[in-house]
Amino acid sequence: MFVASGGLEAGSSSAQQLAAHSSMAAATPATSDVKPARQSTAKGPYYVDFRARTAASYGHAFIWYGKTGQREVEVAGLHPAGDTVPYVLGHIMFVPSETGASYGDLDEEYLTASYRVYLNEADAMKVFAYIKHLQATSPVWNAATTNCTNFIGRIAAFMGLKTPFHLIKPEEYVNQLRELNGGRKTVQLEPDRG
């Protein structure tokens, strides 16, 4: 399955932008990934910002996360590695992925939707560790299953947030994520049981 897309990681920046900006949505996270959450009234010093932006196709969903008040931001998202060919092939098969920032993720002018949730330090460390784990264990991209909205949805579910149906455009996904959770601004994870 990787043979068809192997060696295609280099290419023009416009074609790379097309490949890196794509996604629709995907599978529901495994039950073991889901952590129940309690609503908290105090804003935490840490945040996860679920974001959507324009792209050459139907958009891209990703997250910013970090500590409030710091200029540095971490970016995580799932997109095909390489040029246009992996993006096109990813609509019929699994292709190698990347899980960091892609072209446009740091540019506010491309932003189409955002939903920021705050966490306390202890919960943020658990969520950030889960994000890093998800990045390390997401080697493939597919437009219908393992794509950008599935990726951010797994993070939202881990945080105890309700997640929308997975086969919608990234902008709709982020907006529905906010609506399903009543626009709540804070999350507090339930203590682990067992």
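Trainee: Which residue takes a positive phi just after H5?

Mentor: This is a predicted model. Look just past the end of helix H5, residues 170-180. The phi there is about 65°, and the residue is Gly182.

Trainee: Which residues of H5 are buried, and what arc do they cover around the axis?

Mentor: The buried residues are Pro170, Tyr173, Val174 and Leu177. An α-helix has 3.6 residues a turn, so residues three or four places apart point the same way. The buried residues sit on the same side of H5, because they cover an arc of only 95°.

Trainee: What do the buried residues of H5 pack against?

Mentor: Three of the partners are strands: S2 (46-53), S3 (60-67) and S7 (111-119). The list also holds a helix, H4.

Trainee: Are H4 and H5 roughly parallel or roughly antiparallel?

Mentor: Their axes come within 10 Å and cross at roughly 15°. Angles under 35 degrees count as roughly parallel. H4 and H5 are therefore roughly parallel.

Trainee: How many charged residues does the contact of H4 with H5 have?

Mentor: H4 brings Cys148, Thr149, Ile152, Gly153 and Ala156, while H5 brings Pro170, Tyr173, Val174 and Leu177. By class, seven are nonpolar and two are polar. The charged count is no residues.

Trainee: Is H3 roughly parallel or roughly antiparallel to H4?

Mentor: Helix H3 (residues 121-136) packs on helix H4 (residues 148-158) with axes 10 Å apart. The angle is about 150°, and angles over 145 count as roughly antiparallel. So H3 is, relative to H4, roughly antiparallel.

Notes:
Residues numbered from 1 in each chain as written. Predicted model: local features only at pLDDT ≥ 70, side-chain atom pairs only at ≥ 80, totals over all residues. Heavy atoms only, no water. Axes fitted to C-alpha atoms, helices over the stretch in contact; angles between N-to-C directions. Helix = DSSP H or I, 4+ residues; strand = E, 2+ residues; numbered from the N terminus. Parallel < 35°, antiparallel > 145°, perpendicular 65-115°, else oblique. Buried < 20%, exposed > 50% of the residue type's maximum accessible area, 1.4 Å probe, protein only. Arc of directions from axis to C-beta. Contact = heavy atoms within 4.5 Å. Nonpolar A, V, L, I, M, F, W, Y, C, P; charged D, E, K, R; others polar.
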